[in-house]
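Reader: I am new to this structure and would like to go through the terms used to describe it. Please set each value against its cut-off before you conclude.

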Amino acid sequence: QDATRTSGSATNQLKLPGPEAKNLMLGTWAIKTEYAPSKEMPNGGTGEGIEVWRLGPGGYSVIEEYREKTLKGEIAGFVTFWWDEDLKGQRFLWCDNANPQGCEVSKKVAKWEGNRLVYSEDRQENGKTITHREVFEDITPVSFLQILEEGPVGGALKRTITIHASKILESSLESSRDVQAGRIFADDISWSCSGIRKFENRRLK
């Protein structure tokens, strides 16, 4: 598969500032998630799912659709990134099925540090200020790593979630009955892990 098909044609690329890595992330990805031990998951945990990254209108934004199956249930989310010229970074709107408010707009912006996309935000939790950081790194035409960390402001951050993403071949998507008009649909709302594994068997090596 040539580089044009991997990262998108010249007319099918993001019009956002940033390195070529931003276009490499476009496409459909099989994901495997590792959760560190926490109050919610004392023994940690794992998950499997699908991420779809696609152009927003005119290429001036990027849209991510996220669906994951874990032992605690299904996670479904949707995010739109766009360029904030004042802050020189990507602001975003995140919506998911665990947020009673529906969606939240980021307080800050994600910024490219070389080929790494980094977002950091301080939040008040139980009377303490906690830094949360999310990083997309090791971005290639066939894989990327997504890391979530948290810890006290100014202190060491502890990794809480690691997501390994592997690109799914376009030919596999075109032949799948679960894909219509460039978007993935499940046979049922549970998005069975067996169906996810069928996609993973066809991903790029």
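Reader: What share of the contacts with a separation of 6 or more joins residues 24 or more positions apart?

Author: In this predicted model, residues 24 or more positions apart account for 39% of the contacts in the chain with a separation of 6 or more. A contact here means heavy atoms within 4.5 Å.

Reader: What makes up the chain, and how much of the chain counts as buried?

Author: The chain has four helices and 13 strands. Of its 205 residues, 43% count as buried. The accessible surface of the chain comes to about 11,400 Å², and carbon and sulfur atoms hold 52% of that surface.

Reader: Why is Ser61 called buried?

Author: The relative accessible area of Ser61 is 12%. Buried means under 20%, so Ser61 is buried. Ser61 lies in strand β3, which covers residues 61–70.

Reader: Which residues does Ser61 touch, leaving out those up to four places away in sequence?

Author: Ser61 touches Leu14, Leu16, Arg54, Leu55, Gly56, Thr80, Phe81 and Trp82.

Reader: Why is β3 described as largely enclosed by the rest of the structure?

Author: Eight of the 10 residues of β3 are buried, so the strand is largely enclosed by the rest of the structure.

Reader: How do you know that β3 pairs with β2 and with β4?

Author: Two strands pair if there are at least two bridges between them. Nine bridges join β2 (residues 45–55) to β3, and 10 bridges join β3 to β4 (residues 73–84). Both counts satisfy the cut-off of at least two, so both are pairs. β2 and β3 run antiparallel, as do β3 and β4. On the β2 side, Leu55 has Val62 of β3 as its bridge partner. On the β4 side, Tyr66 stands opposite Gly77.

Reader: How many residues lie between the strands in the two hairpins of β3?

Author: The hairpin of β2 and β3 has five residues between the strands, and Gly58 in this hairpin takes a positive phi near 70 degrees. The hairpin that joins β3 to β4 passes through two residues.

Reader: How do you know that β11 is paired with β1 and with β10?

Author: Again the cut-off is at least two bridges. β1 (residues 27–35) and β11 (residues 158–167) have seven bridges, and β10 (residues 143–152) and β11 have eight. Each count satisfies the cut-off, so both are pairs. Both pairings are antiparallel. Tyr35 has Ile161 as its bridge partner in β11, and Phe144 has Ala165. The hairpin of β10 and β11 has five residues between the strands, with Gly154 at a positive phi near 80 degrees.

Reader: What is the phi of Asn126, and why is Asn126 called exposed?

Author: Most residues other than glycine have a negative phi. Asn126 is not a glycine, yet it has a positive phi of about 55 degrees. Its place is in the loop between β8 and β9. The relative accessible area of Asn126 is 81%. Exposed means over 50%, so Asn126 is exposed.

Reader: Why is Asp138 called exposed as well?

Author: Asp138 has a relative accessible area of 53%. That is over 50%, so Asp138 is exposed. Asp138 sits in the loop between β9 and β10. Its phi is near 50 degrees, a positive value in a residue other than glycine.

Reader: What makes the one space found in the search a cavity?

Author: In a cavity, a 1.4 Å probe fits but cannot get out. The search of the whole structure finds one cavity of 30 Å³ or more. About 70 Å³ of space lies in the largest cavity. Its lining includes Leu14, Trp53, Val62 and Phe81. By class, the lining has seven nonpolar residues, one polar and one charged.

Reader: What is known about the space in the largest pocket and its lining?

Author: About 1,700 Å³ of space lies in the largest pocket. Of the 45 residues that line this pocket, the closest to its centre are Trp94, Arg123, His132, Leu148 and Ile161. Strand β8 (residues 116–125) gives the largest share of the lining, six residues. The lining has 21 nonpolar, eight polar and 16 charged residues.

Conventions. Residues are numbered from 1 along each chain as its sequence is written. This is a predicted model: local features need pLDDT of at least 70, side-chain atom pairs count only at pLDDT 80 or more; totals for chains, interfaces and linings use all residues. Side-chain values use heavy atoms; hydrogens and water are left out. Buried means under 20% relative accessible area, exposed over 50%, partly exposed in between (1.4 Å probe, protein chains only). Accessible areas come from the Shrake-Rupley method with a 1.4 Å probe; for residues, only the protein chains shown count as cover. On a 1 Å grid over the protein atoms alone, a cavity is a set of points where a 1.4 Å probe fits but cannot get out, and a pocket is an open set with protein on both sides within 12 Å along at least five of seven lines; lining residues have an atom within 4 Å of a point. Grid points are joined across faces, edges and corners, and a volume is the space filled by probe spheres set on the points. Ala, Val, Leu, Ile, Met, Phe, Trp, Tyr, Cys and Pro count as nonpolar, Asp, Glu, Lys and Arg as charged, and the others, Gly among them, as polar.
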